[in-house]
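Work through the exercises below with the sequence and coordinates open. Each task is followed by a solution in steps.

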Amino acid sequence: MKLLERARPQILALQPYSSARMEAHDAAIMLNANESPWAPVGSAETVLNRYPDPQPPALRARLAEIYSVAPAQVLIGRGSDEAIDLVVRAFCRAGRDAIAISPPTFGMYAVAAHTQGASVIEAPLTANFQIDVDALLARVSRNTKLVFVCAPNNPTGTMVPLASIARLADALRDRALVVVDEAYFEFAQATASAISLLAQHDNIAVLRTLSKAYALAGARVGALIAHVEIIALLRRIQAPYPLPTACVDAAFAALTPAAVDQSQVRIALLLRERERLAAALPSAAGVLAVHPSSANFLCVRFEDAADVYKRLFDLGIVVRDVSRYPGLGDCLRITVGTPAENTALLAGLGLREVAA
Ligand code: PMP
């Protein structure tokens, strides 16, 4: 795969760490990993004294099934945050390479780039928060290794057309990896994920997470789905044991067919609640705009966001102040909560009569 030549030479050359668990993991007497031979004190849990599998095959297989790819195309990580960091570290040479983003967007792309000493090229979203493919391509230089596309975008909630992603990937073939962050995809009611473009474009990587639709933000389980050679590249620099046993168990439990069905029911409720909020909020005093959202939050512009933030805070309701983002002056990002929480939010904004 030609894109691999764009990875950092040091990463391609290094001898990856080979953990004890990778070398051997299934014997009656395990004396190869300097583990305790006993369960933790005070616990009957007999697996926690052992290091976990670096990429648990059953979880990998289940995620692959859910995302309709081969298990070797899935890298499981500590949330999608870890995968963002891994792609930047694998591709960007400090002081020389760059990533491209379309602000306002998720802040961790730029943080990961700056941590690595890479620069950040920006092609802002258009006035109605669409990505500007031509502007992105015009700004991309020879040393731009990654283009991050957040779909739906945080914090605006805007979905990105698959055609725009395909056009970016076509134009950057063999030059840059287009990383499509689908953290909120399950709320988008989109017919197709960027995963469906992988067969035609080996320079697309898709980020998915169990933190949002599957209610597992505390377990820190995310996935990067990409060409097998990209996955193998990232595995070279991933920590030896990134996935705590308890988190793997929680993820697996949330992904049984019955649990997935239940999550679908919750997602449907959440979408109804999102539309209830979107319909009600424009009537609240001081609301200037409720931006259309394909995610589990709404980006709302107020006459005085700071004042609304404080008023809600005093009522015990915390929303996210996103007014520091370019183009989002006086905007607050409001996560859709339970029906009761949403009713409390509306009441806090002076809309008491809106029924759940
Ligand atoms: N991508 C986006 C767009 C996000 O909003 C977030 C979390 N807020 C993440 C990635 C990170 O998610 P995870 O919990 O999977 O690390």
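## Exercise 1: the domain interface

Across the interface of domain 1 and domain 2, the rule finds zero salt bridges. The model is a predicted one.

**Task.** State which residues make up the two domains, and describe the interface by contacts, buried area and polar pairs.

**Solution.**

1. Start from the domain assignment. Domain 1 takes in 2–19 + 54–255, and domain 2 takes in 259–348. Their centres, taken over C-alpha atoms, are 27 Å apart.
2. Count contacts using heavy atoms within 4.5 Å. On this basis 25 residues of domain 1 touch 22 residues of domain 2.
3. Compute the buried area. The two domains bury about 1700 Å² between them, with 65% of this coming from carbon and sulfur atoms. On the side of domain 1, the residues that lose the most area to domain 2 are Phe129, Pro155 and Phe187, which together account for 33% of what that side buries.
4. List the polar terms. Four residue pairs are in polar contact between domain 1 and domain 2, both residues being at pLDDT 80 or more.
5. Assign the domain 1 side to elements. Helix H3 (57–67) and helix H9 (245–254) are the elements that give two or more residues to it. By residue class, this side has 16 nonpolar, seven polar and two charged residues.

## Exercise 2: backbone geometry

**Task.** Find where the cis peptide bonds that join Ala151 to Pro152 and Asn154 to Pro155 lie, and give the omega of each. Then examine the phi of Phe129.

**Solution.**

1. Recall the usual case: most peptide bonds are trans, and most residues other than glycine have a negative phi.
2. Read omega for the Ala151 and Pro152 bond: about -5°, hence cis. Pro152 sits in the loop between strand S4 (144–150) and helix H7 (162–171).
3. Read omega for the Asn154 and Pro155 bond: about 15°, again cis. Pro155 also belongs to the loop between S4 and H7.
4. Turn to Phe129. Its phi is positive, about 65°, although Phe129 is not a glycine. The residue is in the loop between strand S3 (119–122) and helix H6 (133–139).
5. Relate this to Exercise 1. Phe129 and Pro155 are among the domain 1 residues that lose the most area to domain 2.

## Exercise 3: the ligand site

**Task.** Which residues are closest to the ligand? Give the polar side-chain distances to ligand oxygen for Tyr184, Thr209 and Ser211.

**Solution.**

1. Collect the surrounding residues, with a cut-off of 4 Å. There are 13, and the closest are Ser80, Asp181, Tyr184, Thr209 and Ser211.
2. Tabulate the distances from a polar side-chain atom to an oxygen atom of the ligand.

| Residue | Distance |
|---|---|
| Tyr184 | 2.7 Å |
| Thr209 | 2.6 Å |
| Ser211 | 2.6 Å |

## Exercise 4: a salt bridge

**Task.** Locate the salt bridge of Asp81 and Arg220 along the chain.

**Solution.**

1. Search the whole structure: 16 salt bridges are found.
2. Check the pair. The N to O distance between the side chains of Asp81 and Arg220 is 3.3 Å, against a limit of 4 Å.
3. Place both partners. Asp81 is in helix H4 (residues 79–91), while Arg220 is in the loop between strand S6 (204–209) and strand S7 (222–225). The two are 139 residues apart, and the pair links distant parts of the chain.

Technical notes
Residues numbered from 1 in each chain as written. Predicted model: local features only at pLDDT ≥ 70, side-chain atom pairs only at ≥ 80, totals over all residues. Heavy atoms only, no water. Domains from an automatic or database assignment. Buried area = accessible area lost by both parts, 1.4 Å probe. Polar contact = N/O pair within 3.5 Å; in protein donor to acceptor, adjacent residues only side chain to side chain. Helix = DSSP H or I, 4+ residues; strand = E, 2+ residues; numbered from the N terminus. Nonpolar A, V, L, I, M, F, W, Y, C, P; charged D, E, K, R; others polar.
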